[in-house]
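Student: Please take one part of this model and go through it closely. I would like a connected account of the pocket lining and of what lies around it in the fold.

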Amino acid sequence: MKLLKDILYKAGLEDVSGSTNIAITMLTTDSRQAKNYSLFVAVKGSNIDGHLFIKQAVENGAIAVVCETVPEERDKKVTYVKVKNSSYALGIIASNFYDNPSEKLKLVGVTGTNGKTTVVTLLYRLYQNFGFKAGLLSTVVNKINTVSLPATHTTPDAINLNSLLSQMVEADCKYCFMEVSSHAIDQNRIAGLRFAGAVFTNLTHDHLDYHKTFDNYLKAKQDLFTVLPASAFAIVNADDKNGKIMVQNSKAKKW
């Protein structure tokens with residue numbers, strides 16, 4: 001449980017209607033899952049616009065709503081928070097709600113068209129074999145130390161992602177190795193996370209059904225390295241000509 005005012009920190013607020021001094025028990029982007037004292041974040045997806053379900057979320061018990069467009073009809077008991085970008089705000093809010101777990105781990109993201117699952121799995125097993133407590137977020141399986149959890153996406157949504165990272169912190173994990181898909185980067189699922197480092201494997205002409213152009217696809221991958229702090233590392237595959245492009249705007253130490 002967190003106060004709304006505390007989890008909105010750095011979420012890009014534009015306007016607030018109602019009190020932020022209210023307790024939030026859960027986060028959701030699915031109006032059907034909204035319960036009493038939950039926060040509903042209306043995200044504009046590629047197929048469905050969450051703004052269409054604000055009323056349903058409130059009827060199901062949501063006490064607060066984060067959205068890019070505030071509805072004309074408002075429930076006086078509900079707090080409406082207008083933000084510039086709901087998907088970005090969701091990442092920040094989820095991170096705040098779970099006490100910013102990525103700051104308490106050495107989080108390493110691996111991106112690229114091919115090889116992500118192999119690389120994160122090898123790194124996870126390597127560190128486990130050396131006696132370090134570690135977590136794994138992959139297409140195949142998620143792991144918290146030796147406990148396996150089902151994986152539904154290459155990179156989970158921001159809420160589930162921060163929940164998993166929080167569970168890793170509670171389990172005393174020191175490292176987490178995660179696949180970072182271009183979809184996840186583009187959809188701001190990693191917003192609010194602090195990476196200790198990132199790895200680039202390669203880039204081929206895949207996923208253009210989503211990104212439309214190869215430049216858009218490349219830019220999505222590049223964004224992971226651009227947000228790395230100066231204290232982080234960036235490892236790129238020099239055999240791929242896109243490796244240098246990945247880190248051209250990165251502050252991280254490059255290898």
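Tutor: Start with the second largest pocket, to whose lining helix 3, helix 6 and helix 8 (214-226) each supply at least two residues. The model is a predicted one. Helix 8 gives the most to this lining, with 5 residues. The space in the second largest pocket comes to about 550 Å³. It is lined by 22 residues, and those closest to its centre are Tyr88, Ile92, Ala191, Gly192 and Leu193. Sorted by class, the lining holds 11 nonpolar, 5 polar and 6 charged residues.

Now the largest pocket, where about 1,100 Å³ of space lies. Its lining has 36 residues, with Thr29, Val43, Leu90, Asp157 and Gln187 closest to the centre. Two or more lining residues come from each of strand 4 (26-28), helix 3 (86-97), helix 5 (158-170) and helix 6 (182-186). Helix 3 and helix 6 thus appear in the element lists of both pockets. The largest share of the lining of the largest pocket, 5 residues, belongs to helix 5. The class count for this lining is 14 nonpolar, 16 polar and 6 charged residues.

Two loops that follow these helices each hold a residue with a positive phi. Asp99 is in the loop between helix 3 and strand 8, and its phi is near 60 degrees although the residue is not glycine. Asp99 counts as partly exposed because its relative accessibility is 37%, between the limits of 20% and 50%. Asp172 is in the loop between helix 5 and strand 12, with phi near 70 degrees, again a positive value in a residue other than glycine. Its relative accessible area of 36% makes Asp172 partly exposed. As background, most residues other than glycine have a negative phi.

Both loops lead to strands of one sheet. That sheet is open and has 8 strands in the order 11-10-9-12-8-13-14-15, with mixed pairing. Strand 11 (147-150) and strand 15 (253-254) are at the edges with a single partner strand each, so one side of each has no neighbour in the sheet. Strand 8 (residues 106-111) has 5 of its 6 residues buried, so the rest of the structure largely encloses it. Strand 8 runs parallel to strand 12 (residues 175-179), and 5 bridges join the two. Strand 8 is also parallel to strand 13 (residues 197-200), here with 4 bridges. Val108 can be followed to both neighbours: it stands opposite Phe177 in strand 12, and its bridge partner in strand 13 is Gly197. Elsewhere in the sheet, strand 9 and strand 10 (residues 141-144) are antiparallel and share 3 bridges. There Leu136 stands opposite Lys143 of strand 10.

Strand 14 (residues 233-236) contains Ala234. Ala234 is buried because its relative accessibility of 0% falls under the 20% limit. The C-alpha atoms of Ala234 and Val108 are 9.6 Å apart, with their positions 126 residues apart along the chain. Beyond its neighbours within four places in sequence, Ala234 is in contact with Ala198, Phe225, Leu228, Val247, Ala252, Lys253, Lys254 and Trp255.

Phe132 offers a second long-range link. The loop between helix 4 (116-129) and strand 9 (134-137) holds this residue. Phe132 is partly exposed, at a relative accessible area of 37%. Apart from its neighbours within four places in sequence, Phe132 is in contact with Tyr127 and Tyr175. The C-alpha atoms of Phe132 and Cys173 are 7.7 Å apart, although 41 residues separate the two along the chain.

That leaves the cysteines. The disulfide count is 0. Cys173 is in no disulfide, and the nearest cysteine sulfur, that of Cys176, is 7.7 Å away. Cys173 is also buried, with a relative accessible area of 3%. Cys67 is buried too, at 0%.

Methods:
Residues numbered from 1 in each chain as written. Predicted model: local features only at pLDDT ≥ 70, side-chain atom pairs only at ≥ 80, totals over all residues. Heavy atoms only, no water. 1 Å grid on protein atoms, 1.4 Å probe; cavity = no way out; pocket = protein on both sides within 12 Å on 5 of 7 lines; lining within 4 Å. Points joined across faces, edges and corners; volume = space filled by probe spheres on them. Nonpolar A, V, L, I, M, F, W, Y, C, P; charged D, E, K, R; others polar. Buried < 20%, exposed > 50% of the residue type's maximum accessible area, 1.4 Å probe, protein only. Pairing = 2+ DSSP bridges. Disulfide = S-S within 2.5 Å. Contact = heavy atoms within 4.5 Å.
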